[in-house]
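Hello,

Here is the structure I promised to pass on. Have a look at it first, and my notes follow underneath.

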Amino acid sequence: RKALEIIEQALREGRSKLLEHEALAVAELYGVPVAGYGLARNEDEAVEAAERIGYPVVLKIVSPDIVHKSDVGGVIVGLEKPEDVKKAYNEIIENVKRHAPNARIVGVLVQKMAPKGAVEVIVGGLRDPVFGPTIMFGLGGIFVEVFRDVSFRVAPFTERDAEEMINEIKASKILKGYRNLPPRDIKALIKVIMAAQKLMVENPEIRELDLNPVLSYPDSAITVDARIIVG
Ligand code: ADP
Ligand code: MG
């Protein structure tokens with residue numbers, strides 16, 4: 001298993017949080033659609049990666065010690081050209097050195113910027129001490145943090161169960177089309193939930209999974225951030 005190789009390397013190195021590119025790679029191996037990305041260790045590599053991926057891109061800090069990248073100025077979006085990328089690379093390194101002086105810096109993730117108009121959703125995985133692998137679904141931002149508007153299913157569950165998970169959150173109306181918001185690709189979200197389930201079931205070393213956000217569109221869904229805790 002390729003995923004196991006990534007996980008075991010992290011464990012050997014004493015890291016409980018997979019690096020951003022490792023977590024995205026593991027998610028991708030299970031069929032989660034992820035935005036194109038590359039790891040850069042200096043500004044020239046960042047530009048190379050951006051040219052390969054195609055503009056616009058987003059830059060993000062890659063560190064085993066940082067969980068919330070934007071809290072430390074570790075995410076810069078909307079970069080349109082090489083000069084933007086170089087500037088953002090150095091800005092991110094400076095921000096992180098200032099806000100998290102003890103964090104080890106591996107490099108910067110260069111990622112394809114997803115289009116506007118997304119509804120951000122969260123797909124989570126946890127290991128309940130009694131029930132085992134459990135998957136969570138909710139809308140991003142205040143819906144989860146303030147209203148705790150989330151649904152759970154214990155594995156094993158079917159696509160129909162996954163669809164119910166989506167339908168049973170209070171904010172599901174937003175995904176079905178509301179006011180000026182068009183309806184979302186629910187099948188694509190079901191696929192992400194099923195992939196997350198498979199990932200949790202087949203990898204007992206994974207303690208926690210957080211696809212946050214998965215960007216939901218009328219015709220697709222794409223993950224731009226994955227956090228995986230192992231151990
Ligand atoms: P963290 O959660 O560690 O702060 P994220 O990678 O989730 O970092 O980025 C923070 C926010 O930036 C996301 O919730 C999303 O709104 C936006 N974002 C991140 N990556 C992209 C991307 N590739 N395309 C569009 N928006 C993005
Ligand atoms: Mg995030």
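Domain bounds here come from an automatic or database domain assignment. For this protein the assignment gives domain 1 (36-113) and domain 2 (119-230), with their C-alpha centres 26 Å apart.

Two points on conventions. This is a predicted model, in which local features need pLDDT of at least 70 and side-chain atom pairs count only at pLDDT 80 or more, while totals for chains, interfaces and linings use all residues. Residues are numbered from 1 along each chain as its sequence is written, and chains are lettered from A and ligands numbered from 1 in the order in which they are written.

Now the core. The largest nonpolar core (buried Ala, Val, Leu, Ile, Met, Phe, Trp, Tyr and Cys residues joined through C-beta atoms within 7 Å; buried means 20 or more other C-beta atoms within 10 Å of the residue's own, with C-beta atoms placed from the backbone) has 70 residues, and Leu59 and Ile193 have the most contacts inside it. Helix H8 (residues 186-202) gives the most to this core, nine residues; helices are DSSP runs of H or I, at least four residues, and strands are runs of E, at least two, numbered from the N terminus. Both domain 1 and domain 2 contribute residues, so the core lies between them.

The ligand has a similar story: domain 1 and domain 2 both give residues to the shell around ligand 1, so it lies between them.

Finally, seven of the ten residues in helix H2 (residues 20-29) are buried, among them Glu20 and Leu24. Gly31, with a positive phi near 90°, follows H2.

Best wishes

Key
Buried ≥ 20, exposed ≤ 12 C-beta atoms within 10 Å, placed from the backbone.
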